[in-house]
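Visitor: Could we go through this complex together? I would like to begin with confidence and then look at the contacts.
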Amino acid sequence: MKATDIKNPEYFHKVVDCQHACPAHTPVPEYIRLIAAQRYTEAYMVNWRSNVFPGILGRTCDRPCEPACRRVRVEEEPVAICRLKRVAADNKEDIRDLLPEIPTVKNGKRIALIGAGPASLTVARDLAPLGYIIDIFDNQFAGGGMMRSQIPSFRLPVEVLDEEVNYILERGVNATFDVEVDSLKSILDQDYDAVFVGTGAPRGKGLNLPGLEDASASVHLGIDWLSSVAFEHTHSIGKRVLVLGGGNTAMDCCRTSKRLGGEDVRVVVRSPFEDMKASPWEKEDAMHEGIPIYNNHVPKEFVVEDGKLLGMRFQKVEAQYDEEGNRSLVPTDEDLVFMEADEVLMAIGQENSFPWIERDLGIEFDKWDMPVVNEITFQSTNERVFFGGDAAFGPENVITAVAHGHQAAVSIDLFCKGEDVNKRLAPEVNLTSQKMGVHEWSYDNAIETDKRYVVPLAPLEASLADRKMEVELGFDVATGYKEAERCLNCDVQTVFYEDRCIECDACVDICPTDCITFTHNGDEDELRTRLTAPARELSQDLYVSADLPTQRVMVKDENVCLHCGLCAERCPTTAWDMQKFLYNVAQAGQ
Amino acid sequence: MSYQVPRFRHPELPKNELGYTKADYEGSISTLCAGCGHDSISGSIVRACHELSIEPHKIAKLSGIGCSSKAPTYFLGNSHGFNSVHGRMPSVVTGAALANRDLLYLGVSGDGDTASIGMGQFAHVARRNLNMVYIVMNNGCYGLTKGQDSATADEGSASKKGEPSPFGAIDLCATALQLGATFVARSFSGDKEQLVPLIKAAISHRGFALIDVVSPCVTFNNNPQSTKSYEFVREHAEATGTIDFVPMRTEITTEYKPGYTHEVTMHDGSSIHLYKVDEDLNPFDRRSAINTIEDHRANGTILTGLIYMDEDSRDLHDVMETSQRPLNELTEAELCPGNKMLQNINASLR
């Protein structure tokens, strides 16, 4: 193998699994250390800079970081990264003085943002401090988009949402609410320098089953019903509720139903339980509230009598997988199952819809009627129009929308300055030794063996009685500290200087997880078979040095390195050093 | 500064026949200097014992005084240990071994502990062919008292702040051969590929097995004027050949390289394979072994690898016809066989 080029920031970036997995690449270990040091405001600002909505995401994020956490590979459960973010948000001081200044003298460029969801708000936040004139249009009464209409208050209190949305809207942004933009042309005609479309994936999918027409008064689309609850149009639901679907929207629907008068609320899903799209913790939360999940049931028909919905029939199926792992749901020979219902919520997915975008504006649409959008620049085929969030490539999640927003803002800034939008900005990178003394590090390198702490919940009865009462109480400061200490500091990198190495093997001998080997070089596949411990996790890189005096090389399997620093502590010649690698994705104007 | 090794281990660590991983054979975190050769020897002992599937409670590790003799704390944390008086480890092992022949005795000593204060003890334990492994962590200096030359420092070799040694070195391997040791090897802490099979072979050998391991002192004796530095040893070591240890329980598979020139079946049924053995050396002949050591000394090279082995070794227990069972397992009836037996014994002496 070639010697690893650690000057390429992407090498160490990948070692920080959580940050690498995060669509916005938030420097997770950096803020977790700040939480452990009780520097909550700074921890919050590290987040705010990167993901814009720490309080909201600390409660609702899909957490792609957590399955990536190294702790999963060396212990079992990841660090509760998401809930630690909330600890920072809950305990911070007033941050308004720390927010970037908005120039009073503008740069003369006008940007229209359609939709006031997470993607648009991110664009606004990134561009307003650069002097752009920002006009936001949204059809809801306040900003936040799906975070307001679809995430129930018992998961995301409206005060938290308002606070973080308002950090943006109150600072040099012109927002117009309760306005339905029904023509993109009308916006473009107003001579905006650029337009950003962040309108989400607003249309719920339905199931056209026999009986639907007669039952329609009692059958609702999940996301529409959730927003109707959020906007106080709907206050109750029948006693017996069937929720169709296995995603997070289904979980929100069933839990909201339970709070609005549903007594016998059931989730019915076609797939096996394990294959459900909902996050495991959201399924757990629903089941904790006494909501059963019926899996392997395919809805067949609505049963209506005298214009009144009685219930639904389902075909029981069995999941079978072929050799390539493709699933097919094969009906069993059992009779159809009948379940009684007063109301049915369909939460089987949502899709994009752009009836308001005229097709003669130079914006190309593909065969799925989705705009053709560049995946890096977020520019459409009309160079003035950018897309982001769910509107760009279909339904994802809040943190992805934020990541899109940042990149779209970079593009819009480049575009407005007349520069090439394809010339992306290099990340901001810093690599600093943590050495403070012979055996002293400026980070806490001891490895705690604590198991993941559980977030306390409000009493079940009380929370089911009030749909606005937040179910999760969040970690208190003491538990937050302990959970923060579980972080392995994967951003503190093991940096190897081969010119100092005397090949004494001290690092090999001390490494608790047998990451290090000195051996002769070879191809990666073959080299992996010769290392001190099995190196079968191919997604994790090998760090290979240049040739040493004995013609061998140092090979480090990054997979289960604990970043404990013992290799560097036991190294007599400081050939190993522990260096903190801070990586921030460049934002507009940098 | 870290005071303990993190508890997490590689999740796919191989398990031995007892179901233990290497971690079960480790000890506390080392307090020796960073880069000390002794830590590598500890690592090799851990590997050898793990790979041989020895039950940790069947091992007794004993030592004297010095950096080397601190080292047993840093390996085999689940085994018996005895940190004895300076240079007196052989006596304690002798007593322990006579009381319980079922344990594996692993003596760990240094060049001071063996070649100076403990020389007399070393001579007699070798002469009696006590069934033990005697590992010398040999760095040619007294590291614990700031690096004065020891009796194994080569003539002309200088430590970091010292003058060139005016005296010749005691060669522990040559000395042990003269004294009657039945297994003699030399190795280098920085060469685990050689050291681990040697330790395994020494463990399997019935009788006194000496491994003199050159183990650089990074703090006081790893300078360019020293003949016990990492660099010097790497450049001047010449192996007698390579060695593979084949445990009794393992069928000989392709894992073990063909082409060995010697195969030795050990007392416990395992065997060792020797490859490309030095043409001038017959490792089963004491005179040849001594000559080869002297030849290398004359050439200024360090002879490593298996130097001598007596295939027909009879250890102290064999010679003395001691109890087959540990003394603590003998019953009162066996220990006090009664008046009649005493009369018989007395009669036989008249």
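Guide: The exchange below takes up confidence, the contact between the chains, a helix pair and the domains.

Visitor: What ipTM and pTM does the predictor give the complex?
Guide: This is a predicted model, and the predictor assigns the complex an ipTM of 0.90 and a pTM of 0.91.

Visitor: And what is the mean pLDDT of chain B?
Guide: The mean pLDDT of chain B is 93, with 97% of its residues at 70 or more.

Visitor: How many residues does each chain give to the contact?
Guide: Chain B contributes 23 residues and chain A contributes 29 residues. On the side of chain B that touches chain A, the elements giving two or more residues are α1 (37-51) and α8 (230-236) of chain B. The largest share, five residues, comes from α1(B).

Visitor: How does that side of chain B divide by class?
Guide: The side of chain B that touches chain A has 10 nonpolar, eight polar and five charged residues.

Visitor: Turning to helices, at what angle do α3 and α5 of chain B cross?
Guide: The axes of α3 (residues 89-99) and α5 (residues 119-127) of chain B cross at roughly 35 degrees and come within 8 Å. In this contact, B:P90, B:S91, B:V93 and B:T94 of α3(B) meet B:Q121, B:F122, B:H124 and B:V125 of α5(B). By class, four of these residues are nonpolar, four are polar and none is charged.

Visitor: Finally, which domains make up chain A?
Guide: Chain A is divided into domain 1 (1-23 + 428-590), domain 2 (100-202 + 352-416) and domain 3 (204-349). The centres of domain 2 and domain 3 of chain A are 32 Å apart, taken over C-alpha atoms. Their contact takes six residues from domain 2 of chain A and nine from domain 3 of chain A.

Definitions and conventions. Residues are numbered from 1 along each chain as its sequence is written. Chains are lettered from A and ligands numbered from 1 in the order in which they are written. This is a predicted model: local features need pLDDT of at least 70, side-chain atom pairs count only at pLDDT 80 or more; totals for chains, interfaces and linings use all residues. pLDDT is the predictor's confidence in each residue, from 0 to 100. Domain bounds come from an automatic or database domain assignment. Two residues are in contact if their C-beta atoms, placed from the backbone, lie within 7 Å. Axes are lines fitted to C-alpha atoms, for helices over the stretch in contact, and angles run from 0 to 180 degrees between N-to-C directions. Helices (H or I, at least four residues) and strands (E, at least two) are DSSP runs, numbered from the N terminus. Ala, Val, Leu, Ile, Met, Phe, Trp, Tyr, Cys and Pro count as nonpolar, Asp, Glu, Lys and Arg as charged, and the others, Gly among them, as polar.
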